[in-house]
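Trainee: Hey, got a few minutes to look at a model with me? I'd like to learn how to read it.

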Amino acid sequence: MSDDIIVLQDLSKIYGNGVEVRALDGVSLKIKAGEFVAIVGPSGSGKSTLLNMIGLLDTPSLGQIYLKGIDVSRASPEERARLRNQELGFVFQYHHLIPEFSALENVMMPLLIAKKDKSQARERAIELLEAVGLADRKDSLPSQLSGGQNQRVAVARALANGPSIVIGDELTGNLDTKTSDLIYNLLRDLNRKINQTFILVTHDMTLAEKTDRILRIVDGKMVCEMRRKDGGFVTVDNCEAELDGALHVKPLLHVK
Ligand code: ADP
Ligand code: MG
């Protein structure tokens, strides 16, 4: 079996009747288990649409999505909900923690939804809070934690069921630079330690540079791809023309 965890084939999403918006326009992409990927591009370019497809939050107009080799592009709403709980973890710009629940209870939620028994769920949630450096705040409510701490809880919650992929849409968009850096360093660590696959949308190139693979989309099309190599990034696709404009990674770049 191939170790591609997600494969997109000619994926398009067309919105609207009358005036047609091609939010995604024929995107093909393969991501392997353990990859740490950033999706970058201008506002309105289709980043969230793409991530929502990978996260099975939305369905494509055309094309296929394979998750671990299985075509899930047109799975039923029930099957997609099951896969979101078991195979996917989500971290959004706002943490979306339940305000009445403690950090521990928030992290336990996806485990309880997956029908784990309460003591097992509790044990696992404590382990995860330790992994994100917040074991000592397990009884705190979201209102008693800082923005960065709440995002750490959200990361722990995303990891609860051992998902194949964790996706994040501007997950540090609401945090200051220093806190954003710490969160990305945490994800980097988790990627190395437990081989967790991350696919992150960001408009911040300095954060994207912390990943191993940068995909740039413009007008719903993948226009440029770079991969980490020898302490820098090499372009995989022919994207020299793109490098003058929006990318800021020049100090790291070795263009082929
Ligand atoms: P990004 O995340 O890169 O800012 P999006 O994926 O949110 O971009 O949007 C891509 C394009 O699709 C934009 O032109 C946006 O206006 C359009 N779009 C997104 N969602 C919808 C929707 N539900 N209905 C109609 N158009 C949409
Ligand atoms: Mg977006």
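Trainee: Which element gives the largest share of the shell around ligand 1?
Mentor: That's α1, with 3 residues. Helices (H or I, at least four residues) and strands (E, at least two) are DSSP runs, numbered from the N terminus.

Trainee: Anything I should know before we go on?
Mentor: Yes, this is a predicted model: local features need pLDDT of at least 70, side-chain atom pairs count only at pLDDT 80 or more, and totals for chains, interfaces and linings use all residues. Residues are numbered from 1 along each chain as its sequence is written, while chains are lettered from A and ligands numbered from 1 in the order in which they are written.

Trainee: Cool. Which residues surround ligand 1?
Mentor: Among them are Tyr15, Gly16, Val21, Ala23, Lys47, Ser48 and Thr49. A residue counts as near if its C-beta atom, placed from the backbone, lies within 6 Å of the molecule. β2 (21-32) and α1 (47-54) each supply at least two residues of that shell.

Trainee: How does the shell divide by class?
Mentor: There are 3 nonpolar, 8 polar and 1 charged. Here Ala, Val, Leu, Ile, Met, Phe, Trp, Tyr, Cys and Pro count as nonpolar, Asp, Glu, Lys and Arg as charged, and the others, Gly among them, as polar.

Trainee: Let's switch to helices. How do α3 and α4 cross?
Mentor: The axes of α3 (residues 103-113) and α4 (residues 118-131) come within 9 Å and cross at roughly 125°. That makes α3 oblique to α4. Angles under 35 degrees count as roughly parallel, over 145 as roughly antiparallel, 65 to 115 as roughly perpendicular and the rest as oblique. The axes are lines fitted to C-alpha atoms, for helices over the stretch in contact, and angles run from 0 to 180 degrees between N-to-C directions.

Trainee: And which residues make the contact?
Mentor: On the α3 side they include Leu104, Val107 and Leu111, and on the α4 side Ala125, Leu128 and Leu129 are among them. Contact means that the C-beta atoms, placed from the backbone, lie within 7 Å. By class, the contact of α3 with α4 has 11 nonpolar, no polar and 2 charged residues.

Trainee: What else do the buried residues of α3 pack against?
Mentor: They pack against α2 (77-87), α4 and α5. Buried residues of α3 include Ala103, Asn106, Met108 and Pro110. For the cut-offs, buried means 20 or more other C-beta atoms within 10 Å of a residue's own, exposed means 12 or fewer, and partly exposed is in between, with C-beta atoms placed from the backbone.

Trainee: How about α5 and α6, what's their angle?
Mentor: Helix α5 (residues 147-159) and helix α6 (residues 177-194) cross at roughly 20°, with axes that come within 10 Å. They are therefore roughly parallel to each other. Gln151 and Val155 of α5 are among the contact residues, as are Leu182 and Leu186 of α6. This contact of α5 with α6 has 4 nonpolar, 4 polar and 1 charged residues.

Trainee: New topic: phi. What's the usual sign?
Mentor: Most residues other than glycine have a negative phi.

Trainee: So what does leucine 56 have?
Mentor: Leucine 56 has a positive phi of about 55° although it is not a glycine. Leucine 56 is in the loop between α1 and β4 (62-67).

Trainee: Is leucine 56 buried or exposed?
Mentor: Leucine 56 is buried, because 22 other C-beta atoms lie within 10 Å. Aspartate 10, in strand β1 (residues 4-15), has a positive phi near 50°, but aspartate 10 is partly exposed, with 13 other C-beta atoms within 10 Å.

Notes: Two residues are in contact if their C-beta atoms, placed from the backbone, lie within 7 Å.
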